[in-house]
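Student: I have a structure open on my screen and would like to talk it through. Could you help me read it residue by residue?

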Amino acid sequence: MKQNNIILNGVAASAGVAVGKVFLLEEDVFSYSKSEITPDKIESEILRLENAIEKTREELESNKNELNKVLGKNYAKIADAHLLILKDSMIRDRVIDMIKKGNNVEYSVHKVVADLSKTFDLIDDEYFRERKHDLLNVAKKVLRNLLGKTKKTLSDLEEDSIIVAKNLTPADTVTMRENLVKGFVTEIGGKTSHTALVAQGLEIPAVVGLKDITHKVKQGMTIIVDGNLGLVILEPSEETIANYEREYEIQITNRRELEKLKDLPAVTLDGKEVVLGANIENSEEVKSALKHGANAIGLYRSEFMFLSRTTMPTEEEHFQSYSKVAKMMMPYDVIIRTIDLGGDKIAKLGLMDVAREENPFMGLRAIRFCLKYPEIFKAQLKGILRASVYGKLKIMYPMISRVSEIQEANKILEQAKKELIQEGKPFKNDIEVGVMIEVPSAAIISDLIAKEVDFLSIGTNDLIQYTMAVDRVNADVAHLYTPMHPAILRLLKQIIDSAHEAGKDVGMCGEMAGDPAYTIVLLGLGLDEFSMSAVQIPKVKKIIRTVTRQKAKNLVDNLLKCYTIKEFDTVMKKFKYM
Ligand code: PEP
Ligand code: MG
């Protein structure tokens with residue numbers, strides 16, 4: 001065997017590494033010809049089309065049920081998207097038109113879909129462009145049914161394998177024998193591709209967007225997938241294989257170790273317990289939060305309910321969604337952040353003109369949007385209030401930059417309560433109200449803000465970008481986006497101290513809270529609650545259980561003396577070996 005260590009760079013879609021044999025999922029290659037049909041055949045060709053569509057619909061429905069069972073409702077929506085395409089009368093009518101013009105059905109399907117997929121290529125938005133593959137997948141299924149072919153599926157897997165494919169459809173992934181899949185590699189896809197979503201859900205390493213990979217590998221050859229770095233290594237040397245096998249073993253041991261922590265408290269060696277919460281974007285994610293040992297939902301990004309739709313969610317929809325989460329999380333707290341539309345969460349919003357701003361991160365975002373459209377805000381507040389009787393909900397306003405915004409928002413909250421009383425709908429009158437501290441002005445007046453609210457939660461993702469004037473989504477300035485900066489450390493200290501002086505709890509729900517590198521610093525600063533993406537919880541918990549508060553405070557005292565990030569690094573390194 002040649003041992004060249006050929007390294008290919010793709011997109012890191014799901015963390016972890018794996019060494020394994022390639023299972024090449026071949027593309028359907030159908031041969032069909034273009035032929036003309038006589039008028040007396042038109043009706044039977046249309047009937048063939050209808051039958052193939054019906055058969056495909058049955059397959060997709062059963063696929064959807066499987067997805068629901070294996071991965072949950074969120075993933076079943078992927079099959080829903082395919083069903084919607086199948087039901088699209090515009091596509092069907094165009095195919096029938098072509099048949100009526102004398103073309104055979106196979107060619108008609110192929111031509112209509114090929115034309116449509118060209119228009120997808122012109123779309124600017126990556127998410128919508130990705131949907132072209134949904135269309136092609138559905139078309140392929142219809143063609144397969146027209147031709148009466150069957151396909152090799154992942155249920156044919158017999159040994160541990162790394163799946164290599166042009167694209168992996170939901171249908172592919174549900175039929176696979178999950179425990180035999182060690183990794184995914186696909187030609188198509190970005191971070192939001194279905195393969196990436198499914199792989200993350202299953203915690204299987206994946207690299208996507210690797211052009212031509214299906215032509216570079218052969219069935220059964222050994223390759224390495226590095227989902228941490230977004231690499232695939234072909235023809236790995238024995239030494240490389242040994243290194244990655246070692247890393248894989250460490251990964252498995254770490255995972256097992258971390259699983260053991262699930263039911264243990266996040267408590268320091270000297271007995272200070274902190275709350276570890278999960279950040280979620282929809283109610284489906286509660287399962288994963290609980291699986292990873294979350295003791296709260298520290299941030300429900302409720303604006304995700306508004307994305308990718310053209311109508312506003314109703315009070316009832318808000319109520320349904322929040323009451324579900326409240327019940328599932330009992331007896332733990334759930335912080336519902338009121339809508340934070342704007343900034344980067346706007347591209348897929350088909351609601352109103354808020355996207356057309358010169359500078360959306362500093363524009364009509366979050367609480368500013370809500371105060372401008374009080375009816376949208378009130379519908380959400382009423383939904384939260386009604387759901388509050390089913391669990392322990394709290395309300396949190398995002399992007400507060402001055403005290404008056406809290407007062408105005410509270411006025412709308414009072415109106416919402418009044419209306420619910422008139423409508424005879426029950427709610428918890430003493431529901432706690434807090435704010436996010438993510439704008440520098442709010443951090444600077446956190447002493448004033450702390451007196452107005454029940455709790456504070458620090459949004460470092462925005463606080464860092466606004467404090468240091470570094471766009472959080474701009475790769476060119478990513479090196480300047482440094483949580484470990486003397487300014488950030490001082491601001492965090494100021495916020496946490498202000499909250500405590502006012503007798504209020506303070507949490508953090510920005511990414512910094514879930515990064516194990518900062519856990520001890522945040523502990524030393526006195527943070528009460530850490531909220532993060534669910535998979536990070538065990539890692540952070542492990543660290544909390546290894547230190548005393550005093551040791552963490554000493555670290556912070558030393559860091560506060562530093563002038564530069566380099567000095568920070570030296571102090572942090574020294575601490576590790578102490
Ligand atoms: C933050 O800004 O830190 C935060 C948690 O909110 P988002 O990332 O949704 O802006
Ligand atoms: Mg934010």
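What follows is a friendly set of questions and answers on this predicted model.

Student: Let's start with the metal. Which protein residues are the donors of the magnesium ion (ligand 2)?

Tutor: Look for oxygen atoms lying 2.0 to 2.1 Å from the magnesium ion (ligand 2). One of the donors is an OE atom and the other is an OD atom. The residues that supply them are E438 and D462.

Student: How many residues apart in sequence are the parts that this pair ties together?

Tutor: E438 lies in the loop between β13 (432–437) and α15 (440–444). D462 belongs to helix α17 (residues 460–468). The pair therefore ties together parts whose separation in sequence is 24 residues.

Student: Is E438 buried or exposed?

Tutor: Buried means under 20% relative accessible area. E438 has 2% relative accessibility, so it falls under that cut-off. D462 is also given a relative accessible area of 2% and is buried. For E438, then, the word is buried.

Student: Now the salt bridges. How many does the structure hold?

Tutor: In general, side chains of opposite charge can pair when their charged atoms come close. Among the pairs here is K262 with D263, at 3.3 Å from N to O. The number of salt bridges in the structure is 32.

Student: In that K262 and D263 pair, what is the relative accessible area of D263?

Tutor: The partner, K262, is partly exposed at 33% relative accessibility. D263 counts as exposed, and exposed means over 50%. Its relative accessible area is 67%.

Student: Why are K378 and E375 separated by about one helical turn?

Tutor: The side chains of K378 and E375 meet in a salt bridge of 3.5 Å, N to O. K378 is buried, with a relative accessible area of 9%, whereas E375 is exposed at 56%. Both sit in helix α13 (residues 374–387), and the separation is about one turn because they are three residues apart.

Student: Which residues are linked with K378 and E375 in a network of salt bridges?

Tutor: The network includes the pair K378 and E375, whose side chains meet at 3.5 Å. Besides these two, the residues linked in it are E315, E316, K382, R386, E419, E423 and K425.

Student: Which helix holds both K417 and E414?

Tutor: These two side chains meet in a salt bridge of 3.8 Å, N to O. K417 is buried at 8% relative accessibility, while E414 is partly exposed at 45%. They are three residues apart, about one turn, in helix α14 (residues 403–422).

Student: What is the C-alpha to C-alpha distance between N410 and V453?

Tutor: N410 lies in helix α14 and is partly exposed, with 23% relative accessibility. In sequence, N410 and V453 are 43 residues apart. In space, their C-alpha atoms are separated by 10.0 Å.

Student: And what separates the C-alpha atoms of L49 and I99?

Tutor: L49 has its place in helix α1 (residues 42–71). It is buried, with a relative accessible area of 2%. I99 is 50 residues from L49 along the chain, and the C-alpha separation is 9.7 Å.

Student: On to the surface. Which residues gather with E158 in a patch of negative charge?

Tutor: E158 is in the loop between α5 (126–147) and β4 (161–165). At 73% relative accessibility, E158 counts as exposed. The residues that gather with E158 in the surface patch are D156, E159 and D160.

Student: What kind of peptide bond joins M330 and P331?

Tutor: As a rule, most peptide bonds are trans. P331 is in the loop between α11 (315–329) and β11 (333–337). Omega between M330 and P331 is about 5°, and the bond is cis.

Student: Last one: what is the phi of D212?

Tutor: Most residues other than glycine have a negative phi. N5, in the segment before β1 (6–9), has a positive phi near 50°. D212 is found in the loop between β6 (206–208) and α8 (213–216) and is partly exposed at 41% relative accessibility. Its phi is also positive, at about 70°.

Note on methods
Residues numbered from 1 in each chain as written. Chains lettered and ligands numbered in written order. Predicted model: local features only at pLDDT ≥ 70, side-chain atom pairs only at ≥ 80, totals over all residues. Heavy atoms only, no water. Patch = residues over 30% accessible without salt bridge, like charges linked within 9 Å, V, L, I, M, F, W, Y side chains within 5 Å. Areas by Shrake-Rupley, 256 points an atom, 1.4 Å probe, with all protein chains shown as cover. Salt bridge = Lys/Arg side-chain N within 4 Å of Asp/Glu carboxyl O. Lys, Arg positive; Asp, Glu negative; His and termini not counted. Charge placed at Lys NZ, Arg CZ, Asp CG, Glu CD. Helix = DSSP H or I, 4+ residues; strand = E, 2+ residues; numbered from the N terminus. Buried < 20%, exposed > 50% of the residue type's maximum accessible area, 1.4 Å probe, protein only. Donors = N, O, S within 2.8 Å, 3.2 Å for Na, K, Ca; no water.
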